[in-house]
Amino acid sequence: MKLTQNLLYKIKLTLGKTLLVALFFLPQLSFAVEQQLDKETTLFNQTFSWQVMMGISVYSGHSPLKDVKQEDIVDYLSLSLMIDLYYKGFFIQSNHRRSVAITQGAEVGYQLHVDNDWAVDILAKTYISGYDPELLIEKKDENIPTLEGLKEREIGDAIALRYSRFNDDAIFSIDFANLTYWSKANGWLIDVYYNEVFFYKNWDIYIGGGVTYYSNQVMDYYYGVKAEDVTDARSFYDPNTGYKGTFEVYAQYPISKKWSFSAGVTQTYYSNTIGKSPLIDRQNITQFLLGVIYVF
Amino acid sequence: MYSKLSNGAAFPPIILIMCLLPKVSFAQQQQNVVFQIKPAMCVALNQGRTCYAQVKIQWSTLHNDNFCIVQKQSTQPQKNIKCWKNSKGNSYSFEFESSESLTYQLINNNNEPLAEATVDVSWVHKKSPRKRRWRLF
């Protein structure tokens, strides 16, 4: 029962928003799925481009939360649906250059401007994975004092404006995201990201990194401890702004026309203002991922 | 009676067999050539990318002769891959590198193709018609 609940929770985190935004494009998607041979379809002089992938992966790495460890087999597994769809400037897309694309949902948006080497998009995306303390405690045999009685931190959905510069092998983007309307976290964040792909035989090797800067409200919601939540194991904490830095190497290799293999390692560093939170265990986290992706 | 009928009925098939003899011989020669290529498919991640594979060709014939393996490509002249003298069978491994399917032939001393096989190039993700959209496909 606990395993089932945990699995459902994971699916909610990884697929929930992707499926919701997919509903927005349901008429187009339904049509596209019927055209699986081409994956590009012209209807009323408009071209659909689409791709649906399913990812199954095993990942290993500490949670930044105190006393939250990978124990059951489902803690190591991640199942995700990745939808890429483009129609008249609207898009649903997953970032194929990041291993997080396998464990997080897609982003949905609209191209405001596209040039040869730069673009501006408006988009909606989950920027922060939430967590439910009650579920985390329930699935463990032991209590987690720092999380006991704490309210759920919901996923951080945001509306963002993205500026991108790119060439054939590299991408730089900066997102200005507002969490006020779509998330209980409120506040805003800035996500700066760079990634470059290197080709070695049939391998695609992506090397990238980024910094995400969080406003006070975002920090309060995810890392703060309010006066009414203070316990012996959890002191009051009112953080200032903070940031997260990531460095990642991610590789893909074709197995067949339908399957590809993926592997990645991500190093994450959290700022002192995050590290000092009573909820957080460590500032440095290394995560490994191995998976396969099926392309429909 | 029986003999006349027998002789009359037997003649046309003999003529037919004699007429077909060269073709039958050629076909038999083709059938007696073993020409295998593994793997028969090379898969790249994206359409248009060069695909790499370690390919092994094995061949055998009934009689010793000089043979070559040649690579045929629509846009380029025939390319010799490997030749053998006075041989009736061998194998050869090489690094396949191409963004399109390539056909390999076993040819004899007279440049006659005896057998052929193709390494098909395929891909996981189709190339996007849109420029610069690295995020999709």
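Two residues are taken to be in contact if their C-beta atoms, placed from the backbone, lie within 7 Å. On that basis, among contacts in chain B between residues at least 6 apart in sequence, 61% join residues at least 24 apart.

The model is a predicted one, in which local features need pLDDT of at least 70 and side-chain atom pairs count only at pLDDT 80 or more, whereas totals for chains, interfaces and linings use all residues. Residues are numbered from 1 along each chain as its sequence is written, and chains are lettered from A and ligands numbered from 1 in the order in which they are written. The model scores ipTM 0.71 and pTM 0.76.

Chain B holds 1 helix and 6 strands, where helices (H or I, at least four residues) and strands (E, at least two) are DSSP runs numbered from the N terminus. The order of these elements from the N terminus on is α-β-β-β-β-β-β. Of the 137 residues of chain B, 17% are buried; a residue is called buried if 20 or more other C-beta atoms lie within 10 Å of its own, exposed if 12 or fewer, and partly exposed in between. Confidence is given by pLDDT, the predictor's confidence in each residue, from 0 to 100. Its mean over chain B is 77, with 70% of the residues reaching 70 or more. Over residues 1-29 of chain B, pLDDT stays under 50 and the model has 0 contacts beyond four places in sequence. Residues 130-137 of chain B also stay under 50, but for these the model has 21 such contacts.

Turning to the interior, the largest nonpolar core (buried Ala, Val, Leu, Ile, Met, Phe, Trp, Tyr and Cys residues joined through C-beta atoms within 7 Å) has 51 residues, and A:Val218 and A:Tyr222 have the most contacts inside it. Strand 3 (residues 51-73) of chain B gives the largest share of this core, 7 residues.

Both A:Val218 and A:Tyr222 belong to the buried residues of helix 6 (residues 216-223) of chain A, together with A:Met219, A:Tyr221 and A:Tyr223. Seen down the axis of helix 6 of chain A, these buried residues fall within an arc of 165 degrees (taken from the directions from the helix axis to the C-beta atoms), so they line one face of the helix. Their cover includes strand 9 (188-200) and helix 7 (272-275) of chain A. Leaving aside residues up to four places away in sequence, A:Tyr222 touches A:Ile128, A:Arg153 and A:Ala185.
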